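This briefing covers how the parts of one protein model meet. It takes the domains first and the chain interface second.

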2 protein chains.
Amino acid sequence: MADAAYNDKYPSLMIAHDALEGLQNSMDKYPLWDATVKANIKEISDVIKDSIEVPIPKDMAGGYTHTRHKNNYLNAQKAAVLYQITQEEPYAIYVRDMLLEYAKIYKDLPLHPEPRSYARGKLFWQCLNDANWLVYMSQAYDAIHSYLTPQEISILEKHLFVPMADFLSLETPQFFNRIHNHSTWGNVAVGMIGLAMDNQELIDRALYGMEIDSTTIGQKDNDGGFIRTADQKAGFLANLEEPFSPDGYYTEGPYYQRYAMYPFLVFAQGLQNKRPDLKIFEYKDSVLLKAVDALLQLTDSDGDFFPINDGQKGMSYYSRELVSAVNIAYYYGSRNPSLVDLAIKQGQVQLDQTGLAVAQAAANGNVKPFEKRSLMLRDGSQGDEGGLAVIRSDRQDLELLFKFTGQGLSHGHYDKLSYSLYQDGHEVIPDYGLARFVNVEQKNGGGYLKENKTWAKQTVAHNTLVQDEKSHFDGDYETGAAHHSQLEFYDFAFAKAKIVQATEQNAYPGTSMNRTIAMLQVPGVDHDVVVDILKINSNESHQYDLPLYYQGQILQVNQKVKKGNELKPLGTQNGYQHLWKSGVATANSDNTTLNWLDAYKRFYTATMATSQGDQLIFVDLGANDPFNNLKTQPGVIQRKSTTKEAVFAMAIEAHGSYDPVSELSSGAYGSLSNLEIVSSNEDYIGLVLTTKKGIMQMLIVTLRDHEKDTDHDMTINNKNYKWTGPYWYGQIN
Amino acid sequence: MADAAYNDKYPSLMIAHDALEGLQNSMDKYPLWDATVKANIKEISDVIKDSIEVPIPKDMAGGYTHTRHKNNYLNAQKAAVLYQITQEEPYAIYVRDMLLEYAKIYKDLPLHPEPRSYARGKLFWQCLNDANWLVYMSQAYDAIHSYLTPQEISILEKHLFVPMADFLSLETPQFFNRIHNHSTWGNVAVGMIGLAMDNQELIDRALYGMEIDSTTIGQKDNDGGFIRTADQKAGFLANLEEPFSPDGYYTEGPYYQRYAMYPFLVFAQGLQNKRPDLKIFEYKDSVLLKAVDALLQLTDSDGDFFPINDGQKGMSYYSRELVSAVNIAYYYGSRNPSLVDLAIKQGQVQLDQTGLAVAQAAANGNVKPFEKRSLMLRDGSQGDEGGLAVIRSDRQDLELLFKFTGQGLSHGHYDKLSYSLYQDGHEVIPDYGLARFVNVEQKNGGGYLKENKTWAKQTVAHNTLVQDEKSHFDGDYETGAAHHSQLEFYDFAFAKAKIVQATEQNAYPGTSMNRTIAMLQVPGVDHDVVVDILKINSNESHQYDLPLYYQGQILQVNQKVKKGNELKPLGTQNGYQHLWKSGVATANSDNTTLNWLDAYKRFYTATMATSQGDQLIFVDLGANDPFNNLKTQPGVIQRKSTTKEAVFAMAIEAHGSYDPVSELSSGAYGSLSNLEIVSSNEDYIGLVLTTKKGIMQMLIVTLRDHEKDTDHDMTINNKNYKWTGPYWYGQIN
Ligand SMILES: [Ca+2]
Ligand SMILES: [Ca+2]
Ligand SMILES: [Ca+2]
Ligand SMILES: [Mg+2]
Ligand SMILES: [Mg+2]
Ligand SMILES: [Mg+2]
Ligand SMILES: [Mg+2]
């Protein structure tokens, strides 16, 4: 495949040689392009005035040497691109000199002194960051290649790039030869430098993995993830094959998908430029392009990724990885004008032919609003391992994420059938996310905190069922990884009822869980009503806890809440040890309602169809937290004791707001006067919502036979209902 | 004084008759004016389509009848103004018909059924709201007066306005005849309708109060405020005289000043139009105009009032009262173009000649940026009862409010020498504000909560000294009202050190407190350092607690914090019963540092010059709160036990930020390596700040002899310092 003319065609990796002339004559035409180039020139022209610094590696994430090496690769990549666009030598000199500095020290570097990673790097504490360095530096190298002398090229390749590529693969197979985002970075680092050097051996190693390595089946990394399983595949193509579902969902979740997309996409772009025969963007039915769409849809309305699994809140489609993703998907995809809308929001483009094309489209008004939709994303490489549903309201900026995926590799949480709810880009019913402060050195050097395992991953940290105060799969990763939840049915076709049902049979052996989540329009009510029905059947009696975490301050509870004069943790393990028990109420009526106000001055109400004797346990996160690693988070747990079968039913409304300037409340109360399970058997659940105006709406969901064309016929309260399909919803009075 | 031609000259109260022609030919020239008129037309043209509803009063604040009557007067006032501007009859008809409906029911109305106010109203649960109604309705009546028949005028005056004016004054002297914002509303209500009706008796009653009333000296209202003191003055002029300081500070604080300014200013405008001989805007050296400036300066950088005393957070200069205030101050003041800048931010103007003038200035570009400054506002009608200082940084958007006022009438808190700190309009070191959800019916009908007294007013709720776990003046209002703190010196002239010192001798008999707060520039440090030195001398040994409330999550403490497995309240009374004791550290080094991150991803550090054995008690607000009335609020209390003399010294830095999108920390740590009291005697305190780069800065403050021209000479650590004036600040190495 090697082409003898390669050296004449530099740059070739990201910036296509053919595109050079266009890029060099691109200024003062396309505002988005100009803005990006000028911002980069402003930033980098300052940077290259400072002396180059390549310190001996010492610090953890957030510390000085870590940040320096990270800034070095980010700056070098930008400078190299600016060299190609402006043809101004100082940019090339800066990159050349920096790379030569690295070449001086690299071969003699020992492993990084910080020993805590399963795969220690040399420049950074973990190989992952070294791979990041190489992915960016490969681009920098490629872009200044034409400026280098043959001797400089030889020094860099022999003393820096080949040794680093070998270190990241041959010398650390536990890092390179996995199905994991770490390995993707490793594969791409090796592949990118392979492409830049035209080194077929490295390219093949990147694409297909190493055939033999020294890892052992069953070995795990320091996050508890498998390093090697039986029949394990490896390499870039395997990492593209396995973790991505046919819908483009990446099994680790959007936070890591965002992180992984950058290497996937830049390597794809490099391959497309240098190995178009591979048709990488068409691979697996264009999964890379689908993945960009999936990722963009897995954001709240201000662009923040839903923080499921180990996701840090606040990461969004404004990240540099998504700028790149949007541009690449536009250019190598169908030139979708709604991606241009996002690029305009992002305010910058990737500095190559992809970004130029986006900026041209923006300048030409070839733009359509980017629209969010309700969607189903299947999980699993074949799309048959559960999934993720996003339900969006047509009348409010209300977004609900329902998760019934597989485990999600080592960054997955024990959160089967959990959900989270967002309004106007703010959390209403939050997912806790991770217990980590990425790159905040004060907190364990920016690494995962112990509480990620003791709290964030545990089931009780999520809005889903906990049986007998134990986490799903007893918190065992291997068991969790062997199973997945199951989609039963979904229907998003009608604004008046968007509905999903999923089941989980394995989280608690002998217990089956069926959860239906719907967003309903109710006559006479101007906002949607989120309905949540969770039915549990077990072959033995258990205690069932259903936590509901909320943001804000409870204003009113329609039950007497007993709050004691001291606080104790709710339990001793599985996350319960981190919850202060702040109050308890015993349900003495059919409905329990909570009304609260959040920091954005919105009013919410949860109406729970509690049964006599159910407990409502009010909790505050923060117990057993010696280093103050946990965030504050209030919640309420519905508890049903010693029962085989149970149905939890709840309605959640986002119904009003308070204006602290006019000091007026509007819509301070929910619309429902009653919520009642009127029927529950093996085949159906019937739920009636009654509004304060007296309207009664029934939702009947099927628990079996969900086909679209199946006819159903049932009688509830002496009234007969006949319908076709998985659910019936309508007024009954 | 009455002018026989009055009836021909309507409108006359707010809209000057002379201005009518200009107002009626004002459209399509001045965008701000157009925007306001159009927004009002859009709102009110919908409103007047609905049928008029004047329900029999029943509900508390936030409830239906309360909100209806409130909307009625707001809508009627707007409609009446639109009638004058557009000359369209439906607006006048709406107001006329509504007023006639009120006239039908008013005379037979009993007191409002809710008995909890010391001065129950008829339309609302308290006279205060009835007075609001009349202040707005007087304007509405005046503006449609020319549309009414003599018979209608007679009905309205006899059956509605005179009875209501008499009810609010003669029949409720405990409401009308006080020095209090309630009385201001009462006075203005009576005065406005008096002006509108040309009723001299009512005008005089409003201006000068009632000579004889049935209240008793020492009687108090339901907030604990005095209704009548010996030698009490009353009426509008007395209410303008007493609570306003010569600097325009209103002793209740900005939240109530905002509320009171509206009646003060609209009545002043009415008087200026109908009784220009009174020269009301020049009264007390133009105190009304100074008050508008003071109020605008008492806001954080996004316009929110500093929430001292009973202030609800989020109230801001965007409120309708401040739109009115800015416009009136512009028109009747010096036509200050920086007020036009604020009006543009507010996005609306008052619909009369004042707002038209502002909109014209905006359209003509007669605008200067509104600038915040460091300022001193004296308290007390003579300006000799302590005060309030706002220190603003020249390099950061950092604002510090230091409070050493008098008690502030019944809405005052026991917070002598307390301070709060803001960055970019967000709280860093917050003042708790009040314990109330104004107009949120779920919370005690929107009224004050019990926790306002048990927590919000108590000293421990503030960032100031608590002796022996008791509040200042033992929480006794009468004692507090008899005293005030004392300004010692201030100097805001130099950016490198802005400094204030104040003392309090009476909060704890036998104990004197001297607090110096400074905002310092330190060489080599790019942000300011806030320094806080609190020196206490007592004739007996006491326990001294200095709380520091912060917003966010503590990342690091340089001491071992013991956190137990259960939480108990820190005390049993005076606010301590509401604090969970979440951890404790014992100072074992000279400095204790806390590093935290807030919700806006800013890093802060507090460096405390603790002494061996000092305790640091970590607290979380929320204990003994059965109805969940308290907000979450973390804090740390420095405790010094059994000592007569003590010096607390602390430095606070706002030094960096975290970006969750790039995941980069910048400026994660503070700049100081040491903070030390190197000298403390009766005359001076010397504090040395040492930076991590090794720079040592000394601040010496005088404790006596603060005159600008006093020469000082002292020796610290064998080095002699000579200077003139109240402090010395400079590098010493
Ligand atoms: Ca968001
Ligand atoms: Ca808490
Ligand atoms: Ca603010
Ligand atoms: Mg989670
Ligand atoms: Mg999760
Ligand atoms: Mg206060
Ligand atoms: Mg206060």
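Chain A is assigned three domains: domain 1 (27-242), domain 2 (258-372) and domain 3 (375-731). The model is predicted. Two contact regions are described below.

**Domain 1 and domain 2 of chain A**

- The C-alpha centres of domain 1 and domain 2 of chain A are 21 Å apart.
- In this pairing, 34 residues of domain 1 of chain A are in contact with 32 residues of domain 2 of chain A.
- Together the two domains bury about 2,900 Å², with 74% of it on carbon and sulfur atoms.
- On the domain 1 side, A:L32, A:W33 and A:L195 lose the most area to domain 2, together 23% of what that side buries.
- One salt bridge is counted between domain 1 and domain 2 of chain A.
- Nine residue pairs are in polar contact between these domains, both at pLDDT 80 or more.
- Several helices of chain A each supply at least two residues to the domain 1 side, including α2 (31-47) and α3 (64-86).
- α8(A) gives the most to that side, with seven residues.
- The residues of the domain 1 side divide into 22 nonpolar, nine polar and three charged.

**Chain A and chain B**

- Chain A uses 49 residues to contact 48 residues of chain B.
- The two chains bury about 4,100 Å² between them, 46% of it on carbon and sulfur atoms.
- In chain A, A:Q442, A:Q553 and A:E663 lose the most area to chain B, together 17% of what that side buries.
- Across this interface there are zero salt bridges, and 31 residue pairs are in polar contact, both at pLDDT 80 or more.
- β11(A) gives the most to the chain A side, with four residues.
- The residues of the chain A side comprise 21 nonpolar, 16 polar and 12 charged.

Key:
Residues are numbered from 1 along each chain as its sequence is written. Chains are lettered from A and ligands numbered from 1 in the order in which they are written. This is a predicted model: local features need pLDDT of at least 70, side-chain atom pairs count only at pLDDT 80 or more; totals for chains, interfaces and linings use all residues. Side-chain values use heavy atoms; hydrogens and water are left out. Contact means heavy atoms within 4.5 Å. Buried area is the accessible area (1.4 Å probe) that two parts lose on being put together, summed over both. A salt bridge is a side-chain nitrogen of Lys or Arg within 4 Å of a carboxyl oxygen of Asp or Glu. A polar contact is a pair of N or O atoms within 3.5 Å; within protein, one must be able to donate a hydrogen and the other to accept it, and residues adjacent in sequence count only if both atoms are side-chain atoms. Ala, Val, Leu, Ile, Met, Phe, Trp, Tyr, Cys and Pro count as nonpolar, Asp, Glu, Lys and Arg as charged, and the others, Gly among them, as polar. Domain bounds come from an automatic or database domain assignment.
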